[in-house]
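Work through the following exercises with the sequence and the model at hand. Each task is followed by a solution that goes step by step.

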Amino acid sequence: MDHFNYQADRLCVEDVPLEAIAQTYGTPAYVYSGATIRRHFDVFEQALAGQSHLICYAVKANSNLAILGLLASLGAGFDIVSGGELTRVLRAGGRADRVVFSGVGKRRDEMAQALEAGIRCFNVESQAELTQLNDVAGSLGRRAPVSLRVNPDVDAKTHPYIATGLKQNKFGIAIDAAEAAYRQAADLPHLDVCGVDFHIGSQLTDLSPFRDATQRVLDLVDRLADQGIVLRHLDAGGGLGIRYRNENPPAPADYARTVGELLQGRDLELLVEPGRVLVGNAGVLLTQVLLLKPADHRNFAVVDAAMNDLLRPTLYDAYHDILPVSPREDGHKIWDIVGPVCETGDWLGRERELAIQTGDYLAVRSAGAYGFVMASNYNSRPRPPEILVEGEQMFLVRERETLDDLFRGERSPY
Ligand code: LLP
């Protein structure tokens, strides 16, 4: 459930008409609903209430300081993949001891930064990383808490770019090689082996690969216990899908039940790293129609948002619903909604039935996750502002970039 609804024929976010936001802050603009994020987090918390757990929000999905601050205030932990994300979490008031650090390539300075901050755990993805981390921890006189990210070799049945749990993917340590890696880790003096981790992919709409992966990883946990390596937590990653169009993703309660049943009777704390499911449907990209180009073969509506603002459609062929902010009764046609960027791939939606006129506002839905964070300045386009709504209040949580922002740091020798 989210808080983007029509009230008296005007699309609103909570109690604020999107049109008012467009008029106040201009377009394109990302708009988030605080109540939706809070609700999604609560649903997840309740689903996991039966077991010892920590929800580590995957910062990469949306790393605005206000979103991180909101989640920190709800007691969330965080899953980070860079020193930059760690700095954001701490700046937003997140607790270091609730941070897990994922990623296939961590720099030594990032390892040091995370050790100094006192994070909860490093999710280590290779044997080479184990020795590097041991080195860095030793040089700082610390012990690094580690969990190994294992690659369980299951097919998550999602888009190939966001599937991560097959052995041909770059992620994690192959499950067959994991025991040897754990023995190596246990022998390294500056590491404290505390858990195991996996993440098989994103936008999962079927629980069976997830169940298989959990089972395989728990079998590993048992084999390790037989060798005297006793783990304290299992991190099941993120990946729960959302509805963009007609998907039927599992509810957090079903997801939690699946892991819960497998974990029953074990003394393992459960960590999860959801991103999309918490924030995806809590955001829209608001855009205005610049002009209409109807033609015999195809009708184009050119809007002021583009692939640099929302990359998902062109990168993954992803579907995002597009809604009129003030619907019109007549004049429906089939439109391709495209941006001004000089690429044929610059589209936000194809073959959408809409009644639109120049100047109308449209809301591109489900843009709260992997939206702004993947935006770029391609075509020297400043990135959009981000606005967070709480009830009747709107907060500008990131200003629109200016052209000066774009040039900052550039030098010419001529
Ligand atoms: N944990 C790890 C280790 C991850 O790699 C990811 C996502 C997550 C958690 C969070 O996954 P989520 O719950 O959000 O599915 N840009 C793509 C998604 C890339 C996901 C990368 N890893 C998209 O727009 O669909």
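For the first exercise, Ala, Val, Leu, Ile, Met, Phe, Trp, Tyr, Cys and Pro count as nonpolar, Asp, Glu, Lys and Arg as charged, and the others, Gly among them, as polar. The model is predicted.

**Exercise 1.** Describe the shell around the ligand by class and by its nearest residues.

Solution. Begin with the classes: the shell has six nonpolar, six polar and six charged residues. Then turn to distance, where Ser202, Glu273, Arg312, Tyr316 and Tyr370 come nearest of the 18 residues around the ligand.

**Exercise 2.** Find which ligand atoms are approached by polar side-chain atoms of Tyr316, Asp79 and Lys60, and state how much of the ligand the protein buries.

Solution. Take the nitrogen contacts to start with: an N or O atom in the side chain of Tyr316 is 2.7 Å from a nitrogen atom of the ligand, and a polar side-chain atom of Asp79 lies 3.3 Å from a ligand nitrogen atom. Next, an oxygen atom of the ligand lies 3.4 Å from a polar side-chain atom of Lys60. Finally, the ligand taken alone exposes 590 Å², of which the protein buries 92%.

**Exercise 3.** Where does the ligand sit with respect to the pockets and the two domains?

Solution. As a first step, note that the ligand sits in the largest pocket. The protein is divided into domain 1 (4-32 + 280-407) and domain 2 (34-277), whose centres, taken over C-alpha atoms, are separated by 32 Å. Across this division, 23 residues of domain 1 are in contact with 24 residues of domain 2. Because both domains give residues to the shell around the ligand, the ligand lies between them.

Conventions
Residues numbered from 1 in each chain as written. Predicted model: local features only at pLDDT ≥ 70, side-chain atom pairs only at ≥ 80, totals over all residues. Heavy atoms only, no water. Near = heavy atom within 4 Å. Polar contact = N/O pair within 3.5 Å; in protein donor to acceptor, adjacent residues only side chain to side chain. Areas by Shrake-Rupley, 256 points an atom, 1.4 Å probe, with all protein chains shown as cover. 1 Å grid on protein atoms, 1.4 Å probe; cavity = no way out; pocket = protein on both sides within 12 Å on 5 of 7 lines; lining within 4 Å. Sits in = over half its atoms within 2 Å of the grid points. Domains from an automatic or database assignment. Contact = heavy atoms within 4.5 Å.
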